[in-house]
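Please look over the structure below slowly, and let the paragraphs that follow guide you from one part to the next.

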Amino acid sequence: MSEQPSAGTASPSGPLAGLTVFDLTRVLAGPTCVQMLADLGAEVIKIEKPGSGDDTRGFAPPALPGTEQSAYFAGANRNKRSVTLDIAKPEGQKLARALIAKSDILVENFKVGTLPRYGLGYNDLRADNPGLIYCSITGFGQTGPYASRPGYDSLIQAMGGIMSLTGVPDGQPMKVGVPVADLFAGLYGAIGVLAALRHREITGQGQHIDIGMLDTHVAWLANQGMNYLATGKNPPRLGNEHPNIVPYQVFATEDGHIVLSIGNDPTFARFCNAFGLEHLLADERFATNAARVANRAFVTDTLAAVLARHPSAWWLERLEDLKIGCGPINTLEQVFADPHVIARGNLIEMTRSDGVPVKLVANPVRLSETPVDYRLAPPMLGEHTDEVLTNMLGLDEPARAALRRDGII
């Protein structure tokens, strides 16, 4: 596990150092986008509602050990400074606009039409800050018949088709086990921001980025989306089997299960020759990948009987020696204990301002010259309100006390 200090005064060193993000996001899609920018060096001012904050602060148990902070919140909110500010009140809106005037990027995931009511829509801000990059992440985008609807991950997975593709053939449609619709929307949002930064570098002009979760979901249907467009037929649910490659799936072994991934005909021939299955190569149903896909059930049943003869470890050792794609099906305990995961530094530890160490999943982007840095542990609610309002807006203690008394911060 990589250990990283978490000093509140640490200066960012990543490629986005010097940029400031005004963060009006909560839950997962928006915070994922902003955490990526933060990890890459941007200073982030996370605006939270006084008294309650980001909804995910309440998504517990579980909480991080030694804290009351939800694990869910911690997973998408490091490297951010938490400022409590009520933007529903005119004085809060005034402070927000003052902070935005000193920011390069604004990311928000309110429902369409909400922020313009507070004078914080893109068209409200662009005249005073023409270089502002304003990224909106919503369920269905800013236009279209569904634009006003709220967006939730499971809803988007259902409407976007992935549930029709996931699960066993005779079972229920199944969502993916993590909120992939949220995560992809956040990552596409970060890509959009980076592209807009390049445009601004050349022209000085900011722009509005419109990210709809359903749009991004349709975009990552990938080979299955193309399979439908090529044939006009809905792809069936195949459980753990691949729609275009056979064998490329889970197989039961003598004592458990493994994944066997044979991606081409030469590899299949090597597999057959290594395990006494040369006779299958003379059978036209096994001769090519296209033939194996066409005879999926027969091929799968034939190989299932072979894989069941030996334990998982026996197969994994021999398949790895043959450079044939294979792997165990790990629990999360096994994932975080995996020597490769450890060697790659995929688990980090940061220290909160109260001295409590917390474990987090590392950013996977590896940059040789401007690596990701970890400066701030996931913040406590309003932890940085005084610091930010003092340093960015010059508000003294009496002014801040008055704002607190009025419920603005």
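How many of the 6 residues of strand E3 (residues 43-48) are buried? In this predicted model, the count for strand E3 is 5 of the 6, so this strand is largely enclosed by the rest of the structure. One residue of the strand that can be followed more closely is Ile-45, which counts as buried because its relative accessibility is 5%, and buried means under 20%.

The neighbours of strand E3 can be taken in turn. Strand E2 (residues 20-24) is joined to E3 by 4 bridges, and the two strands run parallel. Within this pairing, the residue that stands opposite Lys-46 of E3 is Asp-23. Asp-23 also helps to show how the fold brings separate parts of the chain together: although Ile-45 and Asp-23 are 22 residues apart along the chain, their C-alpha atoms are separated by 5.7 Å. Between the two strands comes helix H1 (residues 29-39), and E2, H1 and E3 together make a right-handed β-α-β unit.

Strand E3 is also paired with strand E4 (residues 81-84), again in parallel and through 4 bridges. Here Lys-46 appears once more, since its bridge partner in E4 is Ser-82. Lys-46 therefore stands opposite Asp-23 on the E2 side, and is partnered by Ser-82 in E4, while pairing counts as established when there are at least two bridges between the strands.

The cysteines offer another piece of reasoning. A disulfide is a covalent bond between the sulfur atoms of two cysteines, and this structure holds 0 of them. Why does Cys-33 have no such bond? The closest cysteine sulfur, in Cys-135, lies 4.8 Å from the sulfur of Cys-33, which is too far for a bond, because the two sulfur atoms of a disulfide must be within 2.5 Å. For Cys-272, the closest cysteine sulfur is in Cys-326, at 16 Å, and this too is too far for a bond. Cys-33 is buried, with a relative accessible area of 0%, and Cys-272 is likewise buried, at 0%.

From these buried residues, the path can turn to the surface. There, Tyr-146, Tyr-152, Leu-155 and Met-159 form a nonpolar patch, and together they have about 380 Å² of accessible area. Met-159, one of the members of this patch, lies in helix H6 (residues 153-159). With a relative accessible area of 35%, Met-159 is partly exposed.

Note on methods: Residues numbered from 1 in each chain as written. Predicted model: local features only at pLDDT ≥ 70, side-chain atom pairs only at ≥ 80, totals over all residues. Heavy atoms only, no water. Patch = residues over 30% accessible without salt bridge, like charges linked within 9 Å, V, L, I, M, F, W, Y side chains within 5 Å. Areas by Shrake-Rupley, 256 points an atom, 1.4 Å probe, with all protein chains shown as cover. Salt bridge = Lys/Arg side-chain N within 4 Å of Asp/Glu carboxyl O. Buried < 20%, exposed > 50% of the residue type's maximum accessible area, 1.4 Å probe, protein only. Right-handed = clockwise from strand over helix to strand, strands pointing away.
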